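Let's take a walk through this fold together, one piece at a time. Have the model open and rotate it as you read.

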Amino acid sequence: MFLSEILHNFELVKLNLTIRQGILLLLIVFGLITGGVTYFTVRYFWGLDVEKEYLDDRDDMVILASQIETGLDRGDEDPFRFVEATALIQAKDENFSYMLRDSAGIVVSPPFMAGKKIPIKHFEARTKDGFGGMARVWGYDCFVIFYPLSHHPYELVAVYDYNYVFGDEARTLRVFTFLMLGIFLAVALLTWFWLTPVLESSFARRQRAEDELRVAHDLQQKAVTHDFDVDPRFEIHAELRAMKDVGGDIYLCGSLGEKLFFTIGDVSDKGTAAAFMMFMLSSFIRSRVQEGVSLDVLMGEVNRLICKNPEYEMFCTLFMGFIDLDTLEMEFCNAGHTRTLIDGEFLAQDPQLIAGIVPDYVWHTQKLQLHHGAGLLLYTDGVTEARDESRALFGEARLQAWMKQRPAGTSCREDCEDLLQTLASFRGKAKQNDDIAIMSIKIK
Amino acid sequence: MKTTITEKEGIITIAVSGELDTDTTQAFRSEAEPVTQRKGVNVELDFTELEYISSKALRVLISLQQQVIAGGGTLKVTNVQPAVQEVFDMTGLSASLIKD
């Protein structure tokens, strides 16, 4: 799911929050934004409407005298903070005067914040005909407008009743406020009770899939040989660079007294099924080799094992070999696997089918005489099919060239690591596209 | 990877150009399957312009072939270029897949 992808890769995961905590955090941020937008919209439009509609066409009062004291006068940190305003106003009829006394408002408009409203706390009527009062910037009842002069001090222009002036606008803006609150609540509830469970289950599914892959990945790592220090008459080392999504590259080696057994293979397909198949093959081959079964028979058995599960559409390329440590004769059987390099030359071999396709196919073994000091390189197609940024293949030629230029006397481990390094620099910024397994053998 | 499907004298030819690798095999499969799922079809995969095939992609060729055979038809690969031929040889699939 797209959203869960984003959230999964989002910082929240790194902060180690649960999904509920993350959503709560997002909702709080969303609430603050909605609240802020509502507050500033209300303030902005409220002030403007008043200024436009009511300031010029009042003929129900006369301002006799006015005075304002701002922060500037008092030397406050915020010089424009409105502190006190007094006005002497003559109302043209008694009703207006009375209304003013009950809830008067003075709206302020200094040059830098046109339309800003400043509620005042207290307004005192003095006489029947006119009144003066003190307005404090506090409370919520009244509003003040000052019109900017070219410079300080500001002049008090009008005194309006809050409800009288703002009735309609107040209602509109109240509706707007409730609408915003409603939208916020709707989004919050929907997110909390619908989206959160959906995300949680999608996360859980993903987590399960990852766990499964991790198990498969561990299986793959456990299935291959790790102990290479088996016999002083030869040196052997192998490396596996498995992809995250689990593939099926495999290698095994071990000493059987007078013989060295080694195998490398690649179960096609990725994912858990391939890893399990590869794990099963590795245990099967291990035990059958120890029982002394011959390579062609073993290959047939492996083939039938894979063919038993046709629904997975799997197949396996596999190279198996014995080296007799007395005579240095190598016997090998290759089911469609990549061509082994011996001292920089490709091993000549009969083409034989990959395992897992034809249940009754019969493989045969071939023999080759090795010599002391011979070096073998076995690899999976992740090596030759590695691609660089321009999608060019690493290919057999580069691999052969690499082997030919290796200095004499390097250890098998160094060779494997150098090849991995070579592949990494060949790829450059391109990503590894397949499992890579490498096995290097040197006869002493 | 690009496929062109033509039908002539009872043989359906699917010409594949470009590269068949891990990234493109799935697309190839879904383009070829409408043909291979039909009963008793004779399919030829024309690889004249196929520059590269990964061994993973062979799996798809094999299952397509099995699909066709199950429906009583045939599937063969023709005009294989040397680089691709090498992969077929290495995996021992030349005999069963490539048309003589």
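Before we start, one term: two residues are in contact when they have heavy atoms within 4.5 Å of each other. Also keep in mind that you're looking at a predicted model.

First, the overall picture. Chain A has eleven helices and 17 strands. Of its 444 residues, 47% count as buried. Take the contacts in chain A between residues at least 6 apart in sequence: 72% of them join residues at least 24 apart.

A good place to drop in is A:Met439, which sits in strand E17 of chain A. Is this residue buried or exposed? A:Met439 counts as buried because its relative accessibility is 0%, and the cut-off for buried is under 20%. Which residues does A:Met439 touch, once its neighbours within four places in sequence are set aside? The list includes A:Ile236, A:His237 and A:Ala238, then A:Tyr251, A:Leu252 and A:Cys253. A:Met439 is also in contact with A:Phe262, A:Thr263 and A:Ile264, as well as A:Leu376, A:Leu377 and A:Leu378. Look at A:His237 in particular: this residue and A:Met439 are 202 residues apart along the chain, yet their C-alpha atoms are separated by 5.8 Å.

Now zoom out to the sheet around that methionine. Five strands of chain A make an open, antiparallel sheet, in the order E8-E17-E16-E13-E14. At its edges are strand E8 (234-241) and strand E14 (345-346) of chain A, each pairing on one side only. In general, the strands of a sheet pair through backbone hydrogen bonds, either parallel or antiparallel. Further along the order, strand E13 (residues 341-342) and strand E16 (residues 375-379) of chain A pair in the antiparallel sense over two bridges. To see one of the partnerships, find A:Ile342, whose bridge partner in E16(A) is A:Leu376.

Two helices pack against this sheet. Helix H10 (residues 395-404) of chain A touches E13, E14 and E16 of chain A, and its direction makes about 150° with that of E16(A). Helix H11 (residues 412-427) of chain A lies across E8, E16 and strand E17 (436-443) of chain A, running at about 145° to E17(A).

These two helices also meet each other. H10(A) and H11(A) pack at an angle of about 135°, with their axes 11 Å apart, so H10(A) counts as oblique to H11(A). The crossing is right-handed. On the H10(A) side, the contact is made by A:Arg398, A:Leu399 and A:Trp402. H11(A) supplies A:Asp415, A:Asp418, A:Leu419, A:Thr422 and A:Phe426.

There's another five-stranded sheet to look at. This one is open too, with antiparallel pairing and the order E9-E10-E11-E12-E15 in chain A. Its edge strands are strand E9 (249-256) and strand E15 (366-369) of chain A. On average, neighbouring strands here are turned by 15° against each other, direction ignored. Strand E12 (residues 329-335) of chain A is joined to E15(A) by four bridges, and the two run antiparallel. A:Met330 has A:Leu368 as its bridge partner in E15(A). Helix H8 (residues 295-307) of chain A packs on this sheet, where it touches strand E10 (259-267), strand E11 (316-324) and E12 of chain A. The direction of H8 makes about 160° with that of E11(A).

Next, a helix to follow end to end. Helix H7 (residues 272-290) of chain A has 19 residues and reaches 27 Å from its first C-alpha to its last, close to the 27 Å expected at 1.5 Å a residue. Its buried residues include A:Met277, A:Met278, A:Leu281, A:Ile285 and A:Val289. After H7(A) comes A:Gly292, with a positive phi near 85°.

Which residues that aren't glycine have a positive phi? Two of them are A:Leu328, at about 60°, and A:Asp343, at about 50°. A:Leu328 belongs to the loop between E11 and E12 of chain A, and A:Asp343 to the loop between E13 and E14 of chain A. Their surroundings can be described too: A:Leu328 counts as buried because its relative accessibility is 4%, while A:Asp343, at 40%, counts as partly exposed.

Notes: Residues numbered from 1 in each chain as written. Chains lettered and ligands numbered in written order. Predicted model: local features only at pLDDT ≥ 70, side-chain atom pairs only at ≥ 80, totals over all residues. Heavy atoms only, no water. Expected span 1.5 Å × (residues − 1). Buried < 20%, exposed > 50% of the residue type's maximum accessible area, 1.4 Å probe, protein only. Pairing = 2+ DSSP bridges. Axes fitted to C-alpha atoms, helices over the stretch in contact; angles between N-to-C directions. Parallel < 35°, antiparallel > 145°, perpendicular 65-115°, else oblique. Left-handed = near helix turned anticlockwise from the far one by under 90°.
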